[in-house]
Structure formats: structure tokens, C-alpha cells
Amino acid sequence: MTTPVFRPVSYSQTTLTELMIPSYANFGGKIHGGILLSLMDKVAYACSAKHAGNYCVTVSVDGVNFLQPVEVGELVSLKASINYVGNTSLMVGIKVEAENVKTGIIKHTNTSYFTMVAKDEDEKPTQVPGLILESRDDARRFLEAIKRKEFSQRYQMEFFNTKSILSVDEELYLLQDERCKLAF
């Protein structure tokens, strides 16, 4: 029997920094959200693959709220760390910051959580190393991830149950104050 492998949070912490160039801008002159999502996915992969020692795939993304716009010419840094590990899954916390290189002002633009699953050579889910929590913040993040996971499972179950018993005819009154018109 092999001894279980554990790796500290610091082992796989990853920072990806990229200059935001004009071709990343949308019609409003701000950086496309899709560009930022792509960068978040990259850093989540790098962090989770390093911890797992295997290829990892994204299975869900939680909390993609763009708090402030990112401008052309800013340096965006995405700081990722493993917040939680399950048997084959890992939750990666990502903090996104944009720095104005002229003024030195740094703004927090996003915090997101990516759930990744490690895959073996046959593309089957494979066990990931345990996580050594090196600080109270690491422990807090791990506990928050457990709560986030519980909340998500309860929400999905409640929404599924609500959806399965939803009667359009009985709920039409909810549309009265909404910006829609019925055409049936």
C-alpha cells in the first residue's frame, strides 16, 4: 500500500501576468470578458495540473463577476491557488488584478473559483494529492470551498425540483411586472 501524497498550497500557486493589448479590446474600448475568462482558465489549468501532476479539465466556474473594467495597456495578473481538493477534483481560487503601469495603481477586477478534475493517461478521473494547509487563510479558504460546494449542490437540487414542478399557466402572473409580452 502506498503512502498518500500531500502537497502544500504554496507548491502549486501560480501567477500569470499579461499585458492587455488593443486587439483584446471590445467595441467599448475595454478588454473583452472572454479574453479574461480564457486567461483564468489557463491559470486554473496550470495551478491544478501542477498540484495534481496530471492533465486537468475545467468542469465548472463559479463567481465570474467583473467588478471593474480592464483597460488596454494595463498589466493583468491572475493569482491562482488550490483552495480545496476532493478525490479527483480541485477547486482553484483566482484573484485577478489590473495594474496601470503609468500610475502604479492596482485594482481588483475579479475573483473566481474553477473546479477542475484530474485525468490519467486514459482520460479517466484520477486521484489528486491531498492538500497541506499552511496557514489560517488556507484553512479558511478550504472551509469556504466546502460551504460553496454545499451551497451549489443545494441550489442545483432546489432549482431542479422547482423546474420539474413549474406550471407555466399557474406562474404567468409573475410576468406582469416584467419587460415582456406574451404572444400566445
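The following paragraphs describe helix 3, a buried serine of helix 2, the salt bridges, the aromatic contacts and one backbone feature of a predicted model.

Helix 3 comprises the 30 residues 136-165, for which a rise of 1.5 Å a residue gives an expected span of 44 Å; the C-alpha atoms at its two ends are 43 Å apart, in agreement with that expectation. At the N-terminal end the helix is capped by serine 135, a side-chain oxygen of which lies 3.3 Å from the backbone nitrogen of aspartate 137. The buried positions of helix 3 are Asp138, Phe142, Ala145 and Arg148. An α-helix has 3.6 residues a turn, so residues three or four places apart point the same way. The partners against which the buried residues of helix 3 pack are helix 1 (9-12) together with strand 3 (55-62), strand 4 (75-85), strand 5 (89-99), strand 6 (106-119) and strand 7 (130-132).

Within helix 3, a salt bridge joins the side chains of arginine 141 and aspartate 138, with an N to O distance of 3.8 Å. These two residues are three positions apart in the helix, or about one turn. Their surroundings differ in exposure, since aspartate 138 has a relative accessibility of 9% and counts as buried because this value is under 20%, whereas arginine 141 is partly exposed at 29%.

Helix 2 (residues 33-52) contains serine 48, which has a relative accessibility of 0% and is therefore classed as buried. A polar atom of the serine 48 side chain is found 2.8 Å from the backbone oxygen of alanine 44. When residues up to four places away in sequence are not counted, the contacts of serine 48 are with Cys56, Ile82, Leu90, Val92 and Met116.

In the structure as a whole, nine salt bridges are found. One of them is formed by the side chains of glutamate 71 and lysine 30, at 2.9 Å from N to O. Because glutamate 71 belongs to the loop between strand 3 and strand 4, and lysine 30 to the loop between strand 2 (14-19) and helix 2, this pair ties together parts that are separated by 41 residues in sequence. Both partners are partly exposed, glutamate 71 with a relative accessible area of 25% and lysine 30 with one of 31%. A further salt bridge is made by glutamate 97 and lysine 95, whose closest N and O atoms are 3.5 Å apart. Here glutamate 97 counts as buried at 15% relative accessibility, while lysine 95, at 37%, counts as partly exposed. Lys95 and Glu97 are also linked with Lys79 in a network of salt bridges.

Three aromatic pairs are present in the structure. In one of them, the ring centres of tyrosine 45 and tyrosine 55 are 5.8 Å apart and the ring planes meet at 55 degrees, so the arrangement is tilted. This pair links distant parts of the chain, with tyrosine 45 in helix 2 and tyrosine 55 in strand 3, ten residues apart. Tyrosine 45 is partly exposed, with a relative accessible area of 36%, and tyrosine 55 likewise counts as partly exposed, at 49%. Another pair consists of tyrosine 84 and phenylalanine 142, whose ring centres are 4.9 Å apart and whose planes are at 45 degrees, so that this pair, too, is tilted. Since tyrosine 84 lies in strand 4 and phenylalanine 142 in helix 3, the contact ties together parts that are 58 residues apart in sequence. Tyrosine 84 and phenylalanine 142 are both buried.

Charged side chains are also placed over aromatic rings. Arginine 148, one of the buried residues of helix 3, lies over the face of tyrosine 113 at 3.6 Å from the ring centre. The charged end of lysine 50 is positioned over the ring of tyrosine 11, at 5.7 Å from the centre of that ring.

A backbone feature concerns glutamate 123, which is located in the loop between strand 6 and strand 7. Most residues other than glycine have a negative phi. In glutamate 123, by contrast, phi has a positive value, near 65 degrees. With a relative accessibility of 61%, glutamate 123 counts as exposed, because this value is over 50%.

Note on methods. Residues are numbered from 1 along each chain as its sequence is written. This is a predicted model: local features need pLDDT of at least 70, side-chain atom pairs count only at pLDDT 80 or more; totals for chains, interfaces and linings use all residues. Side-chain values use heavy atoms; hydrogens and water are left out. Helices (H or I, at least four residues) and strands (E, at least two) are DSSP runs, numbered from the N terminus. The expected span of a helix is 1.5 Å times one less than its number of residues. Buried means under 20% relative accessible area, exposed over 50%, partly exposed in between (1.4 Å probe, protein chains only). Contact means heavy atoms within 4.5 Å. A polar contact is a pair of N or O atoms within 3.5 Å; within protein, one must be able to donate a hydrogen and the other to accept it, and residues adjacent in sequence count only if both atoms are side-chain atoms. A salt bridge is a side-chain nitrogen of Lys or Arg within 4 Å of a carboxyl oxygen of Asp or Glu. Rings of Phe, Tyr and Trp (its six-membered ring) pair if their centres lie within 6.5 Å; planes under 30 degrees apart count as stacked, over 60 as edge-to-face and the rest as tilted. A charge sits over a ring if NZ of Lys or CZ of Arg is within 6 Å of the ring centre and within 35 degrees of the ring normal.
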